[in-house]
Amino acid sequence: MTHPDGQLRASHADRDVVIEQLRVAAGEGRITLEELEERIERTQAARTYDDLRALTADLPRDRSAPVAPGGVGGVLELRTKHGHVQQKDYWVVPAHIVASCAAGSVKIDFTGAVCSHREVLLEASCGMGNILVIVPRGWTVWVDSLTTSMGTITNKATDPGRPDAPVLRVTGKVGMGSLKIKYPRK
């Protein structure tokens, strides 16, 4: 399957994630050492997301073996005081995300992301700013441990999730700002 933005240029971090996936596959005996060397060379020469996806297309996605930016089990931190930070389009979802804003805004859009985890933890901290989270239909969203003082928390992603889709567990606190979780527009 080709991602609509598959012709976008890949970054060094994107290539590092694929190399880690290939090393895990070789360690599991899914590919030989010769294949590993060849695929790593091709990964380093890859220019687009489609080029990278082709290198792991024949490997299973194991939800219990997280591969994230920065390596296995990495934490993605999206922090701002007054500015705007966003994570969108094609990206690899780690098992743990920290989103924090004082008076600015954070947008996390999972619709173009690749998630190999069964569960993703999002720790949200919002002062006077705003955090917007967009999840694909089919995902389950739990807002178990969220607190607010004068702000608002809105979860519009309440449809029953698919059993094979990820669960997003949102925890944290909202001061005078807002945290909104929703599906993409149809």
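A nonpolar core, as I use the term today, is a set of buried Ala, Val, Leu, Ile, Met, Phe, Trp, Tyr and Cys residues joined through side-chain atoms within 4.5 Å. Keep that in mind. One more thing before we start: this is a predicted model.

So, the core. The largest one has 31 residues. Which of them touch the most other members? They are F110 and L168. Several elements give two or more residues to this core. They are β1, β3, β4, β5, β6, β7, β9 and β10. For orientation, β4 covers 105–109, β6 covers 130–134 and β9 covers 167–174. The most comes from β5, with four residues.

Stay with F110 for a moment. What does F110 touch, leaving out residues up to four places away in sequence? The list is W91, V93, I97, V133, I134, V135, P136, W139 and L168. Note that L168 is on that list.

There is also a second core, separate from this one. That one has 18 residues, among them V17, A25, A26 and I31.

Now the sheets. Let me take one with five strands, open, in the order β1-β3-β5-β9-β7. The pairing is parallel. At the edges are β1, residues 75–80, and β7, residues 140–148. Each of those two pairs on one side only. From one strand to the next, the twist averages 10 degrees. Inside this sheet, look at β3, residues 96–101, and β5, residues 119–126. They run parallel, and six bridges join them. One position to find on screen: H96 stands opposite L121 in β5.

Next sheet. Again five strands, again open, this time in the order β2-β4-β6-β10-β8. Pairing here is parallel too. Why is one side of β2 and of β8 left without a neighbour in the sheet? Both stand at the edges, β2 at 84–87 and β8 at 152–155, and each has a single partner strand, so one side stays free of a neighbour. Neighbouring strands here are turned by 5 degrees against each other on average, ignoring direction. For β8, look at its pairing with β10, residues 178–182. The two pair in the parallel sense over four bridges. Within that pairing, T154 stands opposite K180 in β10.

On to the rings. How many aromatic pairs does the structure hold? Three. Take Y49 and Y90. Their centres are 4.3 Å apart, with 50 degrees between the planes, and the pair is tilted. Y49 lies in helix α3, residues 49–56, while Y90 lies in the loop between β2 and β3, so the pair ties together parts that are 41 residues apart in sequence. Buried or exposed, these two tyrosines? Y49 is buried, because its relative accessible area of 10% falls under the 20% limit. Y90 is buried as well, at 11%. Y90 has another partner: the charged end of R53 sits over its ring, 4.7 Å from the centre.

Then W91 and F110. This pair is tilted too: 5.4 Å centre to centre, 40 degrees between the planes. W91 is in the loop between β2 and β3, and F110 is in the loop between β4 and β5, so the pair ties together parts 19 residues apart in sequence. Both residues are buried. Finally, W139 joins in: ring pairs link W91, F110 and W139 into a cluster.

That brings us back to F110. It touches the most other members of the largest core, along with L168, and it belongs to that ring cluster. Thanks, everyone.

How values were computed: Residues numbered from 1 in each chain as written. Predicted model: local features only at pLDDT ≥ 70, side-chain atom pairs only at ≥ 80, totals over all residues. Heavy atoms only, no water. Pairing = 2+ DSSP bridges. Axes fitted to C-alpha atoms, helices over the stretch in contact; angles between N-to-C directions. Buried < 20%, exposed > 50% of the residue type's maximum accessible area, 1.4 Å probe, protein only. Contact = heavy atoms within 4.5 Å. Phe/Tyr/Trp six-rings, centres within 6.5 Å; stacked < 30°, edge-to-face > 60°. Lys NZ or Arg CZ within 6 Å of the ring centre and 35° of its normal.
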